[in-house]
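Please look over the chain below as a whole before turning to single residues. The paragraphs that follow begin with the overall fold and then visit a few chosen places along the sequence.

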Amino acid sequence: MAYFFEEESHTFDEYLLVPGYTGPDCIPANVSLQTPVVRYNKKKGEKCPLTMNIPMVSAVMQAVSDDKLAVALAKEGGISFIYGSQTIENQAAMVARVKDYKAGFVSSDTNIRPDQTLNELVAAIEVTGHSTVAVTEDGTANGKLLGIITERDFRINHCAPDAKVSEYMTPLKDLVKAEDGITLEEANDLIWANKINQLPVVDKNGNLLYLVFRKDAASHTEHPLELLDSKKRYIVGAGINTRDYMERVPALLKAGVDVMTLDSSEGFTEWQRRALQDIHAKWPEAKVGAGNVVDAEGFNFLAEAGADFVKIGIGGGSICITREQKGIGRGQATATIEVAKARDAYYEKTGIYVPICSDGGIVYDHHVTLALAMGADFVMLGRYFARFDESPTNKLIVNGNYVKEYWGEGSNRARNWQRYDLGGKKGMAFEEGVDSYVPYAGSLHDNVTLTTSKVIHAMCNCGAVSIPELQEKAKITRVSSASIREGGAHDVIVKNSIKAN
């Protein structure tokens, strides 16, 4: 007979935190969101070899995690897992770009040839939202630099739309430029001395390498939580699958990846066990998470197989329809609570602490705090990050509102069949994700700062100044549908509605 769980499963929206005593030292300035990412022997006093400064990672998705978002999130203290549903060469190149990135030195993402028209220029600006455009010989980010053009150099309503960019750009001879090897401090001095807004950096052949902007010159002082390795490079993760890991992993390690995760909708499989054991046998230095699971049995299986962290969650993502299609999954709050108990029991038994990541089911900022209080060491977010400037998707206007495209790895658009691989024939039999839009929300920095501020203040309300202390002291209560309604604005006419994250 089938096994029946006695209690129904629940979502984060069905719980609230009950305040605890807030002492005089429990103030936001004293709160640390530092959290472990990979396994370590805690009982022996070992230090976790990889930690984050905020408990947030970005999902292994085409619509979310590329090198641009990875840099932006590392600046805030989190880790992006660059999507694996692409060629090994392209994924490794993305990892390498993150590791090679110099704080304050930006690769130009809006580029054009001098013989192209102003109409084409406007179209390029609309796609990226960035008005400083490098004019290069071949129109690429690293082509021979010929000039710079910005929106201030022309007025499209007063210019012929088919006029050439070369007629309005600032030519190279009139630009202040720098050569490769310049430091950020030196670049900053040049910018201020010459009263310019951007400084192109070129190699010895005149090819564009970076742009340094006045607003970014002091970037490192604006990001005190930035996550760096021992060589002062940004930390970056990557997703892998259970099919080509023996070829993909060495390429990623060579590119400098810091941590990887097996990306699967369901991780309680022989394929993940074999992959973990093969990878750790061949590359002992590799850090590899695994998942996803939703109960203690799944956690113990992956922990015993050598997972460096375990991801929790099946069917809880906003674009995931696994529960609808296959009837597989579990409420995210219940899954997090049970796996956290299993993690603690495993630690007591072995002395090894295996961090857990709650992946999916986060709708509001306070759900992050609830996930941490229920035992998660960090959360993985897809929709949340897809809304930002730094995500790799297009910004569009739909019904008069700015949106960004967002699709699931199990959608027909992505067709990432490896994520849903059950062995045997390659390919997807049916969709397990949808193609959608999410409301555009601006910059990652502004939004992550707001979210972590809410988490920090909630922790103070619970009398905690660290995530472990929150997990020890938190008091959590179930709520009824009536109390959920009571918790929001009600019985009034709201002037300005506050949107969910």
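**The chain as a whole**

For a chain of 501 residues, a compact globule would have a radius of gyration near 23 Å, and because this chain has 24 Å, its value agrees with that expectation. The model is a predicted one, and every value given here is computed from it. Along its principal axes, the C-alpha trace spans about 75 × 60 × 45 Å. The secondary structure comprises 15 helices and 24 strands.

Among the contacts in the chain with a separation of 6 or more, 65% are made by residues that lie 24 or more positions apart. Of the 501 residues, 51% count as buried, while the chain exposes about 23,600 Å², of which carbon and sulfur atoms supply 51%. As for charge, there are 54 positive and 65 negative side chains, and the centres of these two sets lie 1 Å apart.

**Cysteines**

How many disulfides does the chain have? The count comes to 0. For Cys48, the nearest cysteine sulfur is that of Cys357, at 14 Å, and Cys48 is in no disulfide; since a disulfide requires the two sulfur atoms to be within 2.5 Å, a separation of 14 Å does not qualify. Cys48 is buried, because its relative accessible area is 10% and the limit for that class is under 20%. Cys159, at 14% relative accessibility, likewise counts as buried.

**Buried residues in loops**

Val64 sits in the loop between β5 (56–58) and α1 (67–76), and with a relative accessibility of 0% this residue counts as buried. Once the neighbours within four places in sequence are left aside, the residues in contact with Val64 include Ser58, Ala59 and Leu69, and also Leu381, Gly382, Phe385, Ala386, Ser391, Pro392 and Tyr406. The C-alpha atom of Glu390, which is 326 residues away from Val64 along the chain, is separated from that of Val64 by 8.7 Å.

Ile182 belongs to the loop between β11 (178–179) and α4 (184–194), and its relative accessibility of 13% places it among the buried residues. Leaving aside neighbours within four places in sequence, Ile182 is in contact with Phe105, Ala187, Leu190, Leu199 and Val201. For one of these partners, Val201, the C-alpha atom is 8.2 Å from that of Ile182, with the two positions 19 residues apart in the numbering.

Thr269 is in the loop between β15 (259–262) and α7 (270–282), and at 12% relative accessibility Thr269 also counts as buried. Thr269 and Leu145 are 124 residues apart in sequence, and their C-alpha atoms are 52 Å apart in space.

**A partly exposed loop position**

Is Ser107 buried or exposed, or does it fall in between? Ser107 counts as partly exposed, because its relative accessibility is 44%, and that class covers values between 20% and 50%. Ser107 lies in the loop between α2 (88–100) and β7 (111–112), and, apart from neighbours within four places in sequence, its contacts are with Leu209 and Tyr210. From Ser107 to Met459 the C-alpha distance is 38 Å, across 352 residues of sequence.

**Backbone details**

Most residues other than glycine have a negative phi, and most peptide bonds are trans. Against that background, three places in this chain deserve a look.

The peptide bond from Gly291 to Asn292 is cis, with omega near 10°, and Asn292 is part of strand β16 (residues 288–293).

Lys232 has a positive phi, near 65°, although it is a residue other than glycine. Its place is in the loop between α5 (219–222) and β14 (237–240), where Lys232 is exposed, with a relative accessible area of 67%. Asn399, another residue other than glycine, has a positive phi near 55°. Asn399 is found in the loop between β21 (395–398) and β22 (401–407), and because its relative accessibility is 75%, Asn399 counts as exposed.

Notes: Residues numbered from 1 in each chain as written. Predicted model: local features only at pLDDT ≥ 70, side-chain atom pairs only at ≥ 80, totals over all residues. Heavy atoms only, no water. Buried < 20%, exposed > 50% of the residue type's maximum accessible area, 1.4 Å probe, protein only. Helix = DSSP H or I, 4+ residues; strand = E, 2+ residues; numbered from the N terminus. Rg over C-alpha atoms; globule rule 2.2 N^0.38 Å. Contact = heavy atoms within 4.5 Å. Areas by Shrake-Rupley, 256 points an atom, 1.4 Å probe, with all protein chains shown as cover. Lys, Arg positive; Asp, Glu negative; His and termini not counted. Charge placed at Lys NZ, Arg CZ, Asp CG, Glu CD.
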